[in-house]
Structure formats: structure tokens, C-alpha cells
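Good morning, and thank you for coming. I would ask you to keep the sequence and the model in view while I speak.

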Amino acid sequence: MAAAVHKLLHPHSHGRNSSKSEPEQHSSSPHERQDSAMDRAREDEKRSLAQWEEHKRPLSPDKVASDPERKMVGHSSRVLRQDDFELVKTLGTGTFARVWLVRLSDAREADQDKVFALKILRKVDVIRLKQVEHVRNERNVLAAVAGHPFITTMVASFQNHDSLYMLLDYCPGGEVFSYLRRARRFNEPTSQFYAAEIVLILEFLHEKEGVAYRDLKPENILIDAEGHLKLVDFGFAKKVENRETYTLCGTPEYLAPEVIRNTGHGTAVDWWAFGILVYEFLVGQPPFWDQNPMKIYEQIVEGRVRFPTAMSADARDLISGLCTVDTSKRLGNIQGGAGTVKSHAWFKDIDWDALYNRRVNGPIVPHLRGPADTRNFDEYEPESDSREPYSKDMAEKWDEYFKDF
Amino acid sequence: MSLPPDYSNEISALNREILKQQPADTLQFCANFFLRRLESQRAEFLLSQQHSSPKGRGIAESSFPGSNPFGTSPSGGFASSQMHRLEEEEENDTIASPTASSFPPNAMDSSHNSPASQGTFGNFAGFGGSSKGNRSQPPSALGNLEPQSFPNNYNMNRRTSVSAESLNPASSANDNWTPPYHQKSDDQQSRLKAAVSGNFLFSHLDDDQSAQVLGALQEKPIPTKGIKVIQQGDVGDYFYVVENGSFDIYVNSSGKLEAGPDGLGNKVGTVGPGGSFGELALMYNAPRAATVVSTEQSTLWALDRVTFRRILMDSAFQRRRMYEGFLEEVPLLSSLTPYERSKIADALETKKFPSGTTIIREGDVGESFYILESGEAEVYKRGVDKAVKSYQKGDYFGELALLNDAPRAASIISTTEVKVATLGKNGFQRLLGPVEGIMRRNDPSKSAHSDGDNVDPLAK
Ligand SMILES: Nc1ncnc2c1ncn2[C@@H]1O[C@H](COP(=O)(O)OP(=O)(O)OP(=O)(O)O)[C@@H](O)[C@H]1O
């Protein structure tokens with residue numbers, strides 16, 4: 001079986017433009033050569049992917065956390081391949097990843113409008129940018145948290161010779177970032193609603209999973225079809241549990257002081273960033289900014305937040321509590337954890353249980369023409385054709401590290 | 001004969017709402033629903049009229065070029081199923097820079113629009129540059145500010161993430177890394193110290209870290225004028241301090257050094273002895289924001305990011321492990337979980353006292369708990385003229401203060417210079433709650449008579 005899998009995973013075209021010839025991968029089409037057992041396994045897998053769409057619903061935090069083996073989602077698939085998906089449109093690009101809207105190829109009629117987001121990473125780029133560890137963390141954390149109502153669900157992951165794939169629940173509303181920039185800022189109820197959903201995410205990640213997310217910002221928060229949030233991009237997420245960690249990562253305006261000073265950091269960095277996020281929701285820009293990034297960091301380490309006079313006292317109090325340089329005084333990190341944030345006066349109107357179960361309406365429900373509508377996403381340049389090959393030597397050295405995919 | 005898709009969408013949204021809200025008055029509910037839809041689409045339309053024009057591009061001089069200029073945000077409508085309208089921007093918006101010293105309507109007009117030519121290092125736009133990736137769109141509309149833009153030129157683009165090479169303290173134990181050391185004269189040493197003292201990355205270092213960092217700076221002779229030490233747009237790994245000589249700083253508005261006579265761009269400043277440049281490279285691998293060229297034969301000191309961050313990491317790591325080890329020895333805290341211990345270790349504050357300091361005075365109300373990190377101290381009690389006990393590295397005292405407000409039962413006086421790690425009762429309780437509860441966990445009888453026995457010699 002393993003040999004058969006290897007044969008299947010190995011030499012097939014991964015180019016999305018089938019018209020472009022890629023000599024070394026063209027030699028054989030695995031379609032004709034595969035045995036039928038494998039074929040059936042793939043068909044089954046595709047069917048269950050299509051079905052998952054139908055009954056996706058939030059699992060309770062304990063269910064999400066406790067049962068990774070028995071969840072329908074988040075597994076590493078040995079049979080899926082890029083050909084099982086038709087690449088429809090680019091939804092976003094990162095430094096080394098491209099996220100596509102995809103449809104099941106050769107889907108049954110009933111499954112034809114089932115769509116997903118497929119995040120594709122080139123192994124070469126991951127290695128070149130020294131992100132191997134981060135990408136492994138990303139896959140493993142996403143697998144562990146799949147099923148949480150406000151985290152993008154990784155339905156499955158797989159790989160081929162030179163690429164890594166994460167099949168994600170498609171989130172058609174686009175980034176909170178876009179809405180925020182257009183509105184300039186959110187009013188209090190809107191900010192409270194989004195902030196509250198983020199609190200539930202952080203509570204879950206920190207207290208159930210021991211995971212620090214480390215890149216909170218409006219760009220990484222998407223809006224789903226019903227107006228609820230989905231956190232994406234777990235590239236810096238890391239299981240820290242009770243050990244501090246040191247690698248600097250995040251986004252300049254959102255970095256916590258202990259990350260800048262390299263004194264060791266943990267989940268408390270997310271509460272700092274959460275304070276920055278709430279500030280940015282309410283004000284339209286983060287509290288620490290300068291054209292020179294070093295000046296941003298200097299302000300952060302100093303940690304004096306200034307508030308516009310129009311900001312409510314409760315909001316100021318919350319943000320001050322979160323953006324506290326001393327982690328032993330930072331709201332969310334002190335005794336009581338996320339509970340101290342949830343019980344803060346600024347959130348007094350939130351029904352936390354109703355929110356988790358999505359019984360509360362989102363303030364912005366995206367206007368969509370159907371499940372595959374991409375109007376909320378920008379246009380992206382097509383992928384460049386020149387690609388550094390993933391050589392045999394590299395494979396020998398690195399494939400070991402990608403074996404979880 | 002099929003219904004238009006827009007219609008189906010509206011109806012299914014309405015259906016969802018009805019299911020969710022179960023209205024008593026269905027007709028009124030439907031009417032309200034459509035009115036709200038109309039209202040939010042109109043608001044959305046008006047907003048996009050305001051914003052989607054091409055002038056939305058290049059709002060600010062950007063030191064964080066993103067791939068996603070403002071003008072291309074989603075164009076679709078969004079509906080509001082509750083009554084929240086997105087706040088529209090008022091004419092004459094009064095949000096000024098939140099970091100400015102006050103919030104007058106035009107606070108930033110004066111402070112940030114001035115050209116980047118004050119000469120002091122770091123005052124021009126984003127020297128040190130930006131982050132990984134997405135550098136394809138240099139800020140093209142420099143100075144082309146429009147009335148709607150944020151008063152302090154806040155960059156409205158998508159922000160890219162940054163990360164440094166991964167640092168793993170566990171592996172450092174195996175390969176036994178020690179920072180490089182380059183000999184310097186006392187003079188050089190103190191000049192270097194002065195040169196970096198104003199930089200916040202260095203001002204937080206303790207004495208050991210500071211000595212290691214200064215020791216790691218490596219001399220780099222610049223033999224002649226005209227040498228480009230760093231080039232705008234290149235990735236940066238080193239931070240430099242000028243020992244002697246002089247350097248000019250140039251910024252090309254294209255974002256990188258270009259070929260040809262004007263390729264350097266504009267001269268924005270000069271650095272001489274005691275000056276420094278390229279400090280962003282100590283954070284992560286970012287493109288250089290300027291080109292720095294020698295104007296005569298000079299000498300630099302160079303420090304690379306990995307060495308710098310590793311020095312900080314190793315000392316922080318060792319200190320934390322040491323604290324955790326000490327904490328494990330405190331019987332009062334023996335039931336702490338490793339997670340709790342690491343939280344306390346994180347919160348412990350280091351203090352130094354000269355020889356002969358009374359760290360704790362008998363009879364005072366106890367507030368803090370101490371661990372002796374280095375040096376020695378002695379315990380004195382009233383009425384006894386000799387020290388009753390002496391303390392060394394790893395010994396702890398005053399922990400009963402975490403438990404109750406009883407006065408200190410003895411005085412502790414340092415006999416050498418000492419370093420202690422300390423935490424107050426408030427800090428402890430903020431992190432873990434009352435100590436009584438923690439003690440009760442493994443031995444319920446202990447909490448009943450906590451006044452003493454072998455817990456703390458101070459109590460006797
Ligand atoms: N499940 C999804 N549904 C819809 N769009 C998505 C989804 N996941 C990601 N995207 C889009 O793709 C973009 C890039 O994805 P992601 O942030 O995961 O990639 P990345 O390479 O890790 O990015 P970065 O370099 O910014 O960290 C996102 O900002 C988002 O716009």
C-alpha cells in the first residue's frame with residue numbers, strides 16, 4: 001500500500017494551467033495507471049468531503065479538543081491529490097503560500113457547488129524562507145482545532161512531491177480588514193461582537209490547546225457566510241503549554257513588548273495583540289505607529305497607550321488592561337485567564353453561550369450570490385511560472401519534516 | 001422558469017432570520033428585514049462611492065509596503081442584520097495620532113509631514129525598512145496626500161507578518177553555544193557602551209547581557225571612502241556602531257538602491273563616531289531602508305542578529321530555569337504545577353543590593369518573598385547579637401508574607417553584594433490566587449497551622 005501511495009503522490013502535474021507543459025512531470029499520467037482500490041478510496045474521500053459541507057456545525061470546545069482521531073475533519077489524507085480539485089480563483093497570497101477557491105473535480109451533480117479554499121505551499125519556498133517549523137506547527141495546530149466555530153476548519157491536508165496542501169473551509173465574506181478600512185472604524189456594538197468572538201477563540205486556544213496564536217490582526221480574521229468570524233493563517237501558531245518560546249514573529253504593530261525584548265513569551269502575547277486589535281476596531285488604526293518600525297517598537301516597549309477622547313471609559317479600561325507591559329498584570333494572563341476578559345464591563349451585553357453556538361447575528365452579513373461567490377476578495381496576479389525545482393537532494397533532507405502532511 | 005438568484009438569496013436570508021428570531025408579527029418582521037437590507041446596502045454603496053476611487057491608492061508614505069492597495073478592497077455589498085450601521089466617517093475627522101501628545105484635529109500635520117531630513121538617525125521614513133515579502137510595490141505616491149487620509153499618514157495597506165530565524169534554547173544546551181568575544185580596550189568598551197545606551201534594545205539589558213553583547217561586537221575596518229556598508233533594499237543581518245570616520249545616508253524613493261549616478265537617491269543624514277545604524281536588523285531579516293556610504297577611511301563595530309538575540313534568549317532561558325529550580329525547593333509552593341511555576345518565574349523581579357543592606361526588617365509587615373540569586377546574607381533577631389543563620393544562593397526567605405500579614409520575624413542583611421529575585425503577595429495572588437488555596441491542594445492539614453514549623457526560619 002505504501003508503495004502504491006508513493007507512486008500516486010509522486011509524479012503528477014501540479015500546474016494549474018494544464019496547457020503549460022512541464023516536461024519532467026508530463027511523462028506519465030497517473031490517472032491511467034492507478035489501481036482501482038485506490039480509485040475507490042479517493043472517491044469515498046471526495047464524497048465525505050462533500051458531505052462534511054452539509055453538516056458543518058460548531059463542536060463544543062471539549063469535543064474539538066479531545067477527539068482528534070474521531071473528528072471528521074483535520075486528517076492527513078494519503079489519497080487526495082491536487083487533481084481532485086479544480087482551481088477556480090486565487091483568494092489570497094502570502095509570502096510562500098497561495099490560497100485558491102477550489103471545487104471538487106468530477107463532482108457528482110449534487111456536489112457541484114461545494115467549494116473549499118485550498119492553501120498550497122511549495123516545499124522549496126518553505127525551506128528557503130526557513131519556515132519549515134512554522135508550517136509544521138500550522139498543520140498540526142489546525143488539525144487539532146478543526147471544528148471550532150470561529151476557526152477556519154482544515155478539512156484535510158495532503159502533499160505531493162513538491163507541494164503541501166491544506167484544504168480549508170471556504171470563508172466567503174473576506175477579511176475583516178477590508179470592512180474595517182472601508183468603514184474606517186467600527187462602532188462599539190460591532191467591535192464588541194467581533195472582539196467577543198476572538199475572546200472565545202483565544203480562550204479555547206490557550207486553555208484547551210495550550211496554543212499561542214501569535215499573529216492576531218484584522219487581516220487574519222475572515223467573515224463567514226453568516227457574518228461570524230473565522231481565524232485563518234496559523235503559520236505562527238505554536239503549542240507552548242508551560243514553556244516559554246523565543247522566536248520573534250508576528251506583525252510589527254501587534255508585537256508584544258516581551259517579543260521585542262526577547263525575554264521569552266507565551267500565550268500572553270495574544271492578549272496584548274487583542275488589546276491592539278480592539279483599539280484598531282474602535283479607532284481605525286493601532287495605538288503604536290511610526291514610519292520607522294524601530295520607533296514603533298520603542299513605543300511598544302514603553303507601553304503608553306493614548307486614547308482619543310471619544311473612546312468610552314470601559315473600552316479604555318479593557319485596552320489598558322490588555323496592553324500592559326508587565327505580563328503578571330496583563331488582563332487575560334492573570335488568574336482567571338480568559339474569564340477575566342469575558343467578565344470585563346465592556347462585554348457586559350454579550351451572551352457568551354449564545355455567541356459560541358452562533359445564535360447571535362453577526363453585524364455584517366456578506367451579500368453573496370451563491371456559495372462560490374468571490375466578490376469579497378481582491379484580484380491577484382497569476383502565479384509566476386518560474387519555479388525552483390524541489391530536487392532529490394532536498395527531498396532526502398527535508399521530506400522527513402513534512403511527513404505529517 | 002427559475003427564480004433569479006438574487007431573489008433566492010434574499011429569501012433564504014429572510015428564512016434564516018425568521019427561523020432564528022421566531023417573530024410574533026411575521027409581516028412586520030419581513031417589512032423591517034427588507035428595510036434594513038435596503039438601508040445597509042445604501043450605506044455600503046455610499047461608502048464605496050467615497051472610497052473606491054483610484055485616489056485611494058498610496059495614501060501614505062509607506063514603510064510597510066503591502067501587496068494590496070486600499071483601492072482594491074471588496075466591492076460587494078454587505079448587509080446588516082442588526083441595526084448597526086458602520087460608522088461613517090465624519091467630515092473633519094478628529095482622530096489624530098493616538099501616539100501624539102494630544103489629540104488636536106491636525107496634530108500630525110506638523111510632526112510627521114516634515115521631510116525626512118532632520119539628520120538624526122532614524123527620523124527619516126522607516127530606516128530599517130520593512131518585512132518579509134511583498135516588496136513589489138514601492139510607495140509611489142509619496143507626498144501625494146489627500147484630505148481624507150489619516151492625519152498621521154497611517155499606512156492603510158495590508159500588513160505583512162515578520163519573523164526571525166527560529167531560536168531554540170533546548171538545542172543550545174547540546175551544542176554548548178557561547179557568544180563570540182572580541183577583545184576591546186577599556187576605552188573602546190566605554191565608548192561602545194555610550195553609543196548604544198540611547199537605544200531601547202540595549203537599555204533593558206542587565207550587566208551580564210550587556211557585557212556579552214559588547215563583547216560580541218566585532219571590529220570592521222572600512223579602508224576608504226565610497227564603500228557602501230549597507231544598501232537600501234538588501235536584506236539586513238548586521239547592526240553597526242561607528243568607532244571613527246563618517247558615513248552618509250541616502251534614501252532612494254523607489255525603495256531600493258538603483259544603478260546610475262542618481263541611484264543612491266537623496267542624502268538624508270550623516271553618522272559619525274558614536275552613531276549607529278541598521279538596528280532593525282537586530283529584530284528580523286528586513287530590507288534595508290537606506291544606503292550608507294563611507295565618506296573617509298573609517299572603523300565600525302558590527303553585531304549580527306542571531307548572536308544578539310541568542311545572547312538575550314540564553315540568559316533569559318537560564319534565568320527562568322534557575323528560578324523554577326529555586327521555586328521547586330520552597331515547601332510552601334511545592335504543589336505548584338509546572339505551568340504555575342513558570343508563570344511565577346516569569347513574574348519574579350531581579351533586584352540588586354549592596355553589601356550591608358537590610359532587605360527585610362524584623363517587625364515590618366511582610367509584603368514580598370525573596371530568593372537569593374547570588375551573594376550572601378545573614379539572619380538577625382532582636383535580642384541575639386550574632387547572626388542566627390546565613391543564606392546562600394538558592395535560599396529563600398519571607399515567603400510567609402505570601403500567606404499572611406504577620407510582621408517579619410527576623411531581619412535579613414546582605415553580607416556581600418546580592419542579587420535577589422522577588423515577588424510581592426499582590427503579584428502572586430494576581431497570577432495564581434491565594435497561597436492558602438494552593439497549599440491546601442496536597443495537604444489539607446498544612447493550611448490549618450501555617451505559622452510555621454519548618455516552613456520559614458523567620459517565623460520562629
Ligand atoms: N479559508 C479561507 N477562505 C477564504 N479565504 C482564505 C481562506 N484562508 C485564507 N484565505 C485568504 O488567503 C489569504 C492568505 O492566506 P494565509 O494568510 O493563510 O497565507 P500565508 O501565506 O500564511 O499569509 P501571510 O504570509 O500573510 O502570513 C488570507 O489573508 C485570506 O484572504
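I shall start with a single residue, A:Arg184, which sits in the loop of chain A that runs between helix H8 (176–183) and helix H9 (188–208). Please bear in mind throughout that this is a predicted model. A:Arg184 is not a glycine, yet its phi is positive, at about 70°. Is A:Arg184 buried or exposed? Its relative accessible area is 7%, so A:Arg184 is buried, since the cut-off for that word is under 20%.

A second arginine deserves to be mentioned alongside it. A:Arg214 is found in the loop between strand S7 (211–212) and strand S8 (221–223) of chain A. For A:Arg214, too, phi is positive, at about 70°, although the residue is not a glycine. With a relative accessible area of 7%, A:Arg214 is buried.

Let me now turn to the chain that holds these two residues. Chain A contains 16 helices and twelve strands. It has 405 residues, and 64% of them are buried. Its accessible surface amounts to about 15000 Å², with carbon and sulfur atoms accounting for 48% of that area. If we take the contacts in chain A with a separation of 6 or more, 71% of them are between residues 24 or more positions apart.

How is chain A divided into domains? The assignment gives domain 1, covering 75–172 + 370–402, and domain 2, covering 176–356. The C-alpha centres of these two domains of chain A are 27 Å apart. Across the boundary, 18 residues of domain 1 are in contact with 27 residues of domain 2 in chain A.

Two further residues of chain A illustrate burial within loops. The loop between strand S1 (75–76) and strand S2 contains A:Gln82. A:Gln82 has a relative accessible area of 6% and is therefore buried. Which side chain does the side chain of A:Gln82 meet in a polar contact? The partner is the side chain of A:Tyr165, at 2.6 Å.

The other residue is A:Val305, placed in the loop between helix H12 (293–302) and helix H13 (313–322) of chain A. A:Val305 has a relative accessible area of 17%, so this residue is also counted as buried, the limit being under 20%. Setting aside neighbours within four places in sequence, A:Val305 is in contact with A:Tyr279, A:Pro287, A:Phe288, A:Ile319 and A:Cys323. By contrast, A:Gly336 is 31 residues from A:Val305 along the chain, and their C-alpha atoms are separated by 24 Å.

We come next to the ligand. Which residues come nearest to it? Of the 22 residues around the ligand, the nearest are A:Lys119, A:Asp169, A:Glu175, A:Asp233 and B:Arg158. The site is shared between chains, because residues from both chain A and chain B surround the ligand.

Consider three polar contacts at this site. The side chain of A:Lys119 has an N or O atom 2.7 Å from an oxygen atom of the ligand. In the side chain of A:Thr152, an N or O atom lies 3.4 Å from a nitrogen atom of the ligand. A:Asp169 contributes through its backbone, where an N or O atom is 2.8 Å from a nitrogen atom of the ligand. On its own, the ligand has 620 Å² of accessible area, and the protein covers 95% of it.

What is the composition of this shell by class? It has ten nonpolar, five polar and seven charged residues. Within chain A, strands S2 (85–93), S3 (97–104), S4 (115–122) and S6 (163–169) each supply at least two residues of the shell. Domain 1 and domain 2 of chain A each provide at least three residues of the shell.

Finally, I turn to chain B. It contains eleven helices and 18 strands. Of its 460 residues, 48% are counted as buried. The exposed area of chain B is about 22000 Å², and carbon and sulfur atoms supply 50% of it. Among its contacts between residues at least 6 apart in sequence, 77% join residues at least 24 apart. Chain B, too, is divided into two domains: domain 1 (186–257 + 264–312) and domain 2 (330–446). In chain B, the C-alpha centres of these domains lie 43 Å apart.

To close, I would invite you to return to the ligand in the model and to find the residues from chains A and B that surround it. Thank you for your attention.

Methods. Residues are numbered from 1 along each chain as its sequence is written. Chains are lettered from A and ligands numbered from 1 in the order in which they are written. This is a predicted model: local features need pLDDT of at least 70, side-chain atom pairs count only at pLDDT 80 or more; totals for chains, interfaces and linings use all residues. Side-chain values use heavy atoms; hydrogens and water are left out. A residue is near a molecule or strand if one of its heavy atoms lies within 4 Å of it. A polar contact is a pair of N or O atoms within 3.5 Å; within protein, one must be able to donate a hydrogen and the other to accept it, and residues adjacent in sequence count only if both atoms are side-chain atoms. Accessible areas come from the Shrake-Rupley method with a 1.4 Å probe; for residues, only the protein chains shown count as cover. Helices (H or I, at least four residues) and strands (E, at least two) are DSSP runs, numbered from the N terminus. Ala, Val, Leu, Ile, Met, Phe, Trp, Tyr, Cys and Pro count as nonpolar, Asp, Glu, Lys and Arg as charged, and the others, Gly among them, as polar. Domain bounds come from an automatic or database domain assignment. Buried means under 20% relative accessible area, exposed over 50%, partly exposed in between (1.4 Å probe, protein chains only). Contact means heavy atoms within 4.5 Å.
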